[in-house]
Amino acid sequence: MNFIEHNDNGVVWMTAPNLTARHAFTTRFGGVSGDIWASLNLGEHRGDDPENVRENYRRVKQATGIDTDRLVFTRQVHGREVRIATEADIHTLFTPVPYEADGLVTNIPGLPITCFIADCVPLLMEDTRHGVIAAVHCGWRSTVQDIMAAAVEKMLLLGAQPGEIRAAIGESIGACCFETGPEVPEAVYALLPDWHEGLVRPGKTPDKSYVDLREAIRRRLVQLGVPAEQIAVSDECTMCRPDKYWSHRATKGQRGHQAAMIVLDD
């Protein structure tokens, strides 16, 4: 599904056609960072100049209307933990994040939550009728540990209903480029034992496979009760578009971070 590209004074971000909450999937375009971080790097710990990172956040705030001074961050560890975010979790740039989590949910209006990506899959979800949102970092390890179920469970704790959830699976490494060893297909088969057809195809050598992680996430969300017609999936591959997005693989780790952010209206 085609996501929508926006440009405000050179800051470029994407939105999903099915989400109504204010949100943004950022790109590399529109910041002030240079070198390997050029230009809209939002990563605090990639070696970039802190003042450049702060200016990049200021530009995102001005362009998208998301108050980046109130963002809640995660310290992502490729695990299954999903945290219910409160105003006590608002992050000041370049200060420690005191917890580890790969997903955030909240029901507090005006509190933006975010996750960071550079090939992994960003997942934003909303149930605006019941006032609940989620931002989830779905690397392959988090995905096969079923972080999707953990996120939906936390949303339900805050009053969301599965049939009211809308989900956007953003830009990430695609099935065209995500070549892995046997451990990833095996884990995907275990996650979706009755619905894994077409998720894996042969790689360049007999011990390698290409895996469609975004489709695996979509299918699992459907199993969890999210209506298929309420799930949007980006068709952009970060590794195919290293000019627009950071790709850990394409840059061999020499890169910045883009972010996926979502916030309920005040």
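**Inside the predicted fold: cores, helices and a few odd backbone spots**

Setting aside neighbours within four places in sequence, threonine 114 is in contact with Leu71, Val72, Phe73, Thr74, Leu104, Ala135, Ala259, Ala260 and Met261. That is a handy place to start looking around this model, which is a predicted one. Threonine 114 is found in strand β6, and it is buried, with a relative accessible area of 0%. Its side chain also has a polar partner: one of its polar atoms lies 2.9 Å from the backbone oxygen of alanine 260.

One of the residues that threonine 114 touches, leucine 71, deserves a look of its own. Leucine 71 is found in the loop between α1 and β4 (82-84). Despite sitting in a loop, leucine 71 counts as buried, at 0% relative accessibility. Again leaving aside neighbours within four places in sequence, its contacts are Tyr57, Asp89, Ile90, His91, Pro112, Thr114 and Met261. Leucine 71 can also be placed relative to glutamate 87: the two are 16 residues apart in sequence, and their C-alpha atoms are 9.3 Å apart in space.

Stepping back to the whole chain, what does the overall build look like? The protein chain has six helices and 14 strands. Its radius of gyration is 17 Å, close to the 18 Å that the globule rule gives for 266 residues, so the chain is as compact as a globular protein of that length. Along its principal axes, the C-alpha trace spans about 45 × 45 × 35 Å. Of the 266 residues, 57% are buried. Contacts across long stretches of sequence feature heavily too: among contacts with a separation of 6 or more, 66% are between residues 24 or more positions apart. As for the outside, the chain exposes about 10,800 Å², with carbon and sulfur atoms supplying 49% of that area.

Next comes the interior. In soluble globular proteins, nonpolar side chains tend to be buried together. Here, the largest nonpolar core has 42 residues, and those with the most contacts inside it are Phe25, Tyr57, Ile113, Met261 and Ile262. Two or more residues each come from β2, β3, α1, β6 (113-117), β8 (132-138) and β14 (258-263). Strand β14 gives the largest share of this core, with five residues. Apart from this core lies another, of 41 residues, which includes Leu123, Val136, Leu192 and Ala216.

Two helices show how burial plays out along the chain. In helix α4 (residues 183-191), the buried residues are Val184, Pro185, Ala187, Val188 and Leu191. Seen down the axis of α4, these buried residues fall within an arc of 165°, so they line one face of the helix. Glu186 and Ala190, on the other side of α4, are exposed. The buried residues of α4 pack against quite a list of elements: α2, α3, β10 (179-180), β11 (200-202), β12 (209-211) and α5 (213-223).

Helix α5, one of those packing partners, is mostly covered, with nine of its eleven residues buried. The buried set takes in Leu213, Arg214, Glu215, Ala216, Ile217, Arg218, Arg219, Arg220 and Leu221. Ala216 has already turned up as a member of the 41-residue core. After α5 comes glycine 225, whose phi is positive, near 105°.

That leaves a few backbone oddities. Most residues other than glycine have a negative phi, and most peptide bonds are trans. Asparagine 9 goes against the first of these habits, with a positive phi of about 55° although it is not a glycine. Asparagine 9 is found in the loop between β1 (4-8) and β2 (11-15), and it is exposed, with a relative accessible area of 70%. Aspartate 146 also has a positive phi, near 65°, without being a glycine. Its place is in the loop between α2 (140-144) and α3 (147-157). Unlike the exposed asparagine 9, aspartate 146 is buried, with a relative accessible area of 12%. The peptide bond from alanine 38 to serine 39, for its part, is cis, with omega near 0°. Serine 39 is found in the loop between β3 (22-26) and α1 (50-64).

Technical notes: Residues numbered from 1 in each chain as written. Predicted model: local features only at pLDDT ≥ 70, side-chain atom pairs only at ≥ 80, totals over all residues. Heavy atoms only, no water. Helix = DSSP H or I, 4+ residues; strand = E, 2+ residues; numbered from the N terminus. Buried < 20%, exposed > 50% of the residue type's maximum accessible area, 1.4 Å probe, protein only. Core = buried A, V, L, I, M, F, W, Y, C linked by side-chain atoms within 4.5 Å. Arc of directions from axis to C-beta. Contact = heavy atoms within 4.5 Å. Polar contact = N/O pair within 3.5 Å; in protein donor to acceptor, adjacent residues only side chain to side chain. Rg over C-alpha atoms; globule rule 2.2 N^0.38 Å. Areas by Shrake-Rupley, 256 points an atom, 1.4 Å probe, with all protein chains shown as cover.
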